[in-house]
Amino acid sequence: MTAMTIPAQIPTGDRADEIQVYDLHKSFGDVEVLKGISLTVRTGEVVCVIGPSGSGKSTLLRCVNMLEEPTAGRIFIINEEITDPDADVDAIRTMMGMVFQSFNLFPHLTVLQNCTIGPTAVKKVPKAEAEATALKYLDEVGLKHRADAFPAQLSGGQQQRVAIARALTMNVEMVLFDEPTSALDPELVGDVLDVMRRLAEIGMTMMVVTHEMAFAREVADRVIFMDGGVIVEEGHPDQVIGNPQHERTRTFLNRVLHPTHVHTGEEDAAYAARHAAELGSGPEASGELPDPALRTDNPGRSRL
Amino acid sequence: MTTTTQAGTVGRPKKLSPRKRAQRIRLVQYAILLVVVVLLILNVDGRQVQSVFFRTDLIQVTLTSGLPRALLNTVLYTFGAFVFGLTLGTLLALMRLSQVAPYRWIASIYIEFFRGVPALIVLLAFGLLSVAFPGLRFPLDPYGTVWTALGMVSAAYMAETIRAGILAVPKGQVEAARALGMPSGMAMRRIVLPQAFRIITPPLTNELILLTKDSSLVYVLGLTASAFELTKFGRDISNSNGNLTPLVIAGFCYLIITLPLTFLVRRMEAKAKKAR
């Protein structure tokens, strides 16, 4: 249920264990963001990573393709160690695409050029061939007709679909998604999730950091709940989201699934206790928040 | 205290409203302008002004005795120095951002030095280099000398602009490029620099305008007549005739170069503002 047991043989040597992470630690200065993460993502698997902000889930994803350099631990991509100082990180990265929260399309290039610059510049694919591939994927995300537009002329949802096509034109084995819908207007989220759902259906290996619980529950093969830099709970979405075993998971899901629900009472008390030092004189001094312990109107929390 | 404030509103004349006040100030400003213009018209001898600044026969002489050549030289000096400065400036900007500390130091020292020293001194020094080191020859003399000297000075200014432009490209752009498997050099060349130069085109054009005017400093190099630029050319004819007309014409020639550039910068800035 919690941290997986580390296998005797590292890496496993199994081609299907596409992403293998062992005892990953990452610190920014004095702050340890990841405190020993181990996980495996297998071919065709869709793994959704959920958790409160600051739990380290984006950092984990960015460590997998070395956009952040881990402080300790080993990561293997198809049995090649990307954390090895001698590794050809650029070559390993060509096997995995990445989709960012803020799209990060290249604004000085057209949609088509965004999709062809990777194959032509990195893999030296002939231009005509790269364009044919790019148009095929742009068609799949429904944006072939905008191939000559510039990113600034597209909506956020369209930009994110181009970003997915850009990742796919590298003929990647797996795609990493870093909160792909968090920067989108609500009415544009669906189109992007549709593309991702279809990608999952055709068997793409996907690691998705997301707040879209409905998507995670429907599409994911496995859900990982992270909090405080560790994996708290991991398993089938029906289990982790539908029937969480840990109090932290339950609290988080409650807040995400019932965002308008007002939480007071013992959670505030627990927060105040955790942050007593920073709060200094604390809420009592401000005179606005009553001492949580004295509150009697603590609404009963709903269960999932 | 309380009694005076109570009485104040009744006793004293009513204070002007802000709108009335602004109107009155505007009227005064118009009045001052009118007085100055009238005084100028009454006191200035129009014919004398014309003969000092716009003498017809001297205009003819100036236009026909090598003005095109001088204009061309100004453009050549400026353009060459700009290309030199842009190249060196890009290199310096990349050095300033380098992971290797000594590169950063060297670039910083260079930039601070050449921004702090008058361009005139640098030009003088370069003019004397071939005297100090006999046998040292810049290619295409005197163009090579001017391009190097002015280019080295403007590179210091441009380096800071280019560095700012590189830093203005969002970090996500490099990350997206690296995530595609691009090595860092390729990401800089294909993704960051094209965007950085787009951002800094207006300030770089301003630098080109400044450089156009700085090219007038070339007069300190002992040049032959065929290498004269606008300022030296106009000054020589002005000196020998004791009249300002040739200098005025040279000045207008600078405007022919700089005004379109200024206009261009303003349009680019307006466009950039709209795109944002």
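## Exercises on a predicted two-chain model

L24(A) stands opposite I37(A), which lies in strand β2(A); strands here, like helices, are DSSP runs numbered from the N terminus (E, at least two residues, for strands; H or I, at least four, for helices). This is a predicted model, in which local features need pLDDT of at least 70 and side-chain atom pairs count only at pLDDT 80 or more, while totals for chains, interfaces and linings use all residues. Residues are numbered from 1 along each chain as its sequence is written, chains are lettered from A and ligands numbered from 1 in the order in which they are written, and side-chain values use heavy atoms, with hydrogens and water left out.

**Exercise 1.** Work out the order of the strands in the open sheet of chain A, and place helix α1(A) against this sheet.

*Solution.* Begin with strand β1(A), residues 17–28, which is joined to β2(A) by 9 bridges in an antiparallel arrangement; two strands count as paired if DSSP finds at least two bridges between them. Within this pair, Q20(A) stands opposite T40(A) of β2(A), and the hairpin that the two strands form has 2 residues between them, with G29(A) taking a positive phi near 65°.

Next, turn to the pairing of β1(A) with β4(A), where 5 bridges join the antiparallel strands and V21(A) stands opposite I75(A) of β4(A). The order of the 4 strands is therefore read as β2-β1-β4-β5, with antiparallel pairing. The edge strands, each of which pairs on one side only, are β2 (31–42) and β5 (80–81) of chain A.

Finally, add helix α1(A), residues 57–64, which packs on the sheet and touches β1, β2 and β4 (72–77) of chain A; contact means heavy atoms within 4.5 Å. The direction of the helix makes about 120° with that of β1(A), where axes are lines fitted to C-alpha atoms, for helices over the stretch in contact, and angles run from 0 to 180 degrees between N-to-C directions.

**Exercise 2.** Explain why strand β8(A) is described as largely enclosed by the rest of the structure.

*Solution.* First count the buried residues: 5 of the 5 residues of β8(A), 205–209, are buried, so the strand is largely enclosed. Buried means under 20% relative accessible area, exposed over 50%, and partly exposed in between (1.4 Å probe, protein chains only).

Then sort the residues by face, remembering that in a regular strand the side chains alternate between the two faces of the sheet. T205(A), M207(A) and V209(A) are buried on one side of β8(A), and M206(A) and V208(A) are buried on the other.

Last, look at the strands that pair with β8(A). Strand β3(A), residues 46–50, runs parallel to β8(A) over 4 bridges, and V47(A) has M207(A) as its bridge partner. Strand β7(A), residues 174–178, is also parallel to β8(A), over 5 bridges.

**Exercise 3.** Describe the contact between chain B and chain A, and find a salt bridge in it.

*Solution.* Start with the residues: 18 of chain B are in contact with 21 of chain A. The two chains bury about 1,700 Å² between them, 62% of it on carbon and sulfur atoms; buried area is the accessible area (1.4 Å probe) that two parts lose on being put together, summed over both. E175(B), A179(B) and L180(B) supply 34% of the area that chain B buries against chain A, more than any other three residues.

Then consider the 2 salt bridges between the chains, each a side-chain nitrogen of Lys or Arg within 4 Å of a carboxyl oxygen of Asp or Glu. E175(B) forms a salt bridge with R62(A), the closest N and O atoms being 2.7 Å apart.
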